[in-house]
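Subject: Handing over the model

Hi,

Here is the structure I promised to pass on. Have a look at it first, and then read my notes underneath.

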Amino acid sequence: MFDTKMLAADDASISEAVRLLKSGEVVGMPTETVYGLGANALDENAVRKIFAAKGRPADNPLIVHISSFDMIKPLVSYIPQLAYKCAQEFWAGPLTMIMPKSDIIPEVTSGGLDTVGIRMPSHKAARAIIDRCGFPIAAPSANLSGSPSPTTAGHVFNDMNGRIPAIVDGGFSAVGVESTVISFEDDAIRILRPGFISAEELKEITPNVIIDKGVIAKLEQGAIARSPGMKYKHYAPKADITIIDGSLDAFRAYVKKHSDSDTVCMVFEPNDCDGLDVKSIIYGETDEKQAHLLFDTLRELDNIGAKKVFARCPRKSGVGLAVYNRLLRAAAFQVVTLK
């Protein structure tokens, strides 16, 4: 058990975080997407501590974070031309690129796969930590496995107090959902996990953008998760969530018919629940606001003791696809489609 310390994102605190990481420990750290649970990506023992802290299955690969493009070269055996173009356009930022890994990436980091996901975060504190460490940092979301991802240092503390030595507080995550994860197939980009970098933006790099069926469907039994966030149930609060896919009028009619005293509605705007005798929680009227607030909202459901939740369905394009992807897994794919 650790006496988990909360560190500011100042020079002295970053130095302390770097000291801990260099000694093989795990540190909670901010990024622009969500908070990560960081350790030396090349140190097998350090990476195993991430899995232990999270209670994460060992076949779930970790994303490796770098602070400059030059850091990528020893980590992979091949860099596709499309990867260079994506890096030039979207890095530093919320995009993870999967490439064939080199031998210096431990199997525990890659989840036993022959590929590795690499990203360059834009958060200043994250970049400073990686720079000073001088090695890449493996950093999945800093939550207990399966629970909503953390977008504040307080969320990390709630999940990781006693499990890790320190958390760097870098404020509320600007994006709010994890990075877009892509792989490359000849002249095509395949989206394995949607995020703030949308399919529409990636089509500016190549018109051949494929959205993997695992984005909005359950992985088949025994299928390999090639990206984090592809598991059946993920990001989930304790409440039972059902996504209601339909117009506002259809949503209201369904809730009126099926709600009880325990019902809470996740909605876009306050007036979405007009005429309904239910509690509501707002997660934003635009794709970007929903991405920013989704995980905070899912954690708030636990805070208020919600048991049954009906959620308005986000858009299934642009950044909305990332929100829908996360909400699907939080709801264990329970969706009611209304005309």
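Below is what I found, going from the sheet to the pockets and then to a few single residues.

Some ground rules first. This is a predicted model, so local features need pLDDT of at least 70, side-chain atom pairs count only at pLDDT 80 or more, and totals for chains, interfaces and linings use all residues. Residues are numbered from 1 along each chain as its sequence is written, and side-chain values use heavy atoms, with hydrogens and water left out.

**The open sheet**

Helices (H or I, at least four residues) and strands (E, at least two) are DSSP runs, numbered from the N terminus. Two strands pair if DSSP finds at least two bridges between them. Eleven strands make up an open sheet with mixed pairing, and their order is E1-E8-E2-E3-E7-E4-E6-E5-E9-E10-E11. At the edges sit E1 (5-8) and E11 (209-211), each of which pairs on one side only.

A good strand to start with is E9 (180-185). Five of the six residues of E9 are buried, where buried means under 20% relative accessible area, exposed over 50%, and partly exposed in between (1.4 Å probe, protein chains only). E9 pairs with E5 in the parallel sense over three bridges, and leucine 95 has threonine 180 in E9 as its bridge partner. E9 is also joined to E10 (residues 188-193) by five bridges, and these two run antiparallel. Serine 183 is partnered there by arginine 190, and glutamate 185 stands opposite alanine 188. E9 and E10 form a hairpin with two residues between them, and aspartate 186 in the turn has a positive phi of about 55°.

**Pockets and cavities**

Everything here is worked out on a 1 Å grid over the protein atoms alone: a cavity is a set of points where a 1.4 Å probe fits but cannot get out, a pocket is an open set with protein on both sides within 12 Å along at least five of seven lines, and lining residues have an atom within 4 Å of a point. Grid points are joined across faces, edges and corners, and a volume is the space filled by probe spheres set on the points. For the classes, Ala, Val, Leu, Ile, Met, Phe, Trp, Tyr, Cys and Pro count as nonpolar, Asp, Glu, Lys and Arg as charged, and the others, Gly among them, as polar.

The largest pocket holds about 230 Å³ of space. It has 13 lining residues, and Pro148, Asp159, Lys238, Arg299 and Asp302 lie nearest its centre. That lining has six charged, four polar and three nonpolar residues. H9 (287-303) and H6 (153-160) each supply at least two of them, with H9 giving the largest share, five residues.

The second largest pocket, at about 160 Å³, takes us back to the hairpin: its lining includes Ser183, Phe184, Glu185 and Asp186. H3 (81-90), E5 (95-100) and E9 each bring at least two residues to it. By class, that lining splits into seven nonpolar, three polar and two charged.

There are three cavities of 30 Å³ or more. The largest cavity has a volume of about 210 Å³. It is lined by 21 residues, with Ala139, Pro140, Ser141, Glu178 and Arg193 closest to its centre. Nine of the lining residues are polar, eight nonpolar and four charged.

**Some details elsewhere**

Is serine 147 buried or exposed? Serine 147 counts as buried because its relative accessibility is 18%. It lies in the loop between E7 (137-138) and H6. Leaving out residues up to four places away in sequence, serine 147 touches Asp159, Tyr235, Ala236 and Arg299, with contact meaning heavy atoms within 4.5 Å. Its side chain also reaches the backbone oxygen of leucine 144 at 2.7 Å.

Lysine 256, in H8 (residues 248-258), is exposed, with a relative accessible area of 63%.

Finally, look at E13 (residues 263-267), where five of five residues are buried. Thr263, Cys265 and Val267 are on one side and Val264 and Met266 on the other, so both faces are covered. E13 runs parallel to E15 (residues 308-312), joined by four bridges, and valine 264 stands opposite valine 309. Four bridges also join E13 to E14 (residues 279-282), again parallel, with methionine 266 partnered by isoleucine 281.

Over to you!

Methods. Polar contact = N/O pair within 3.5 Å; in protein donor to acceptor, adjacent residues only side chain to side chain.
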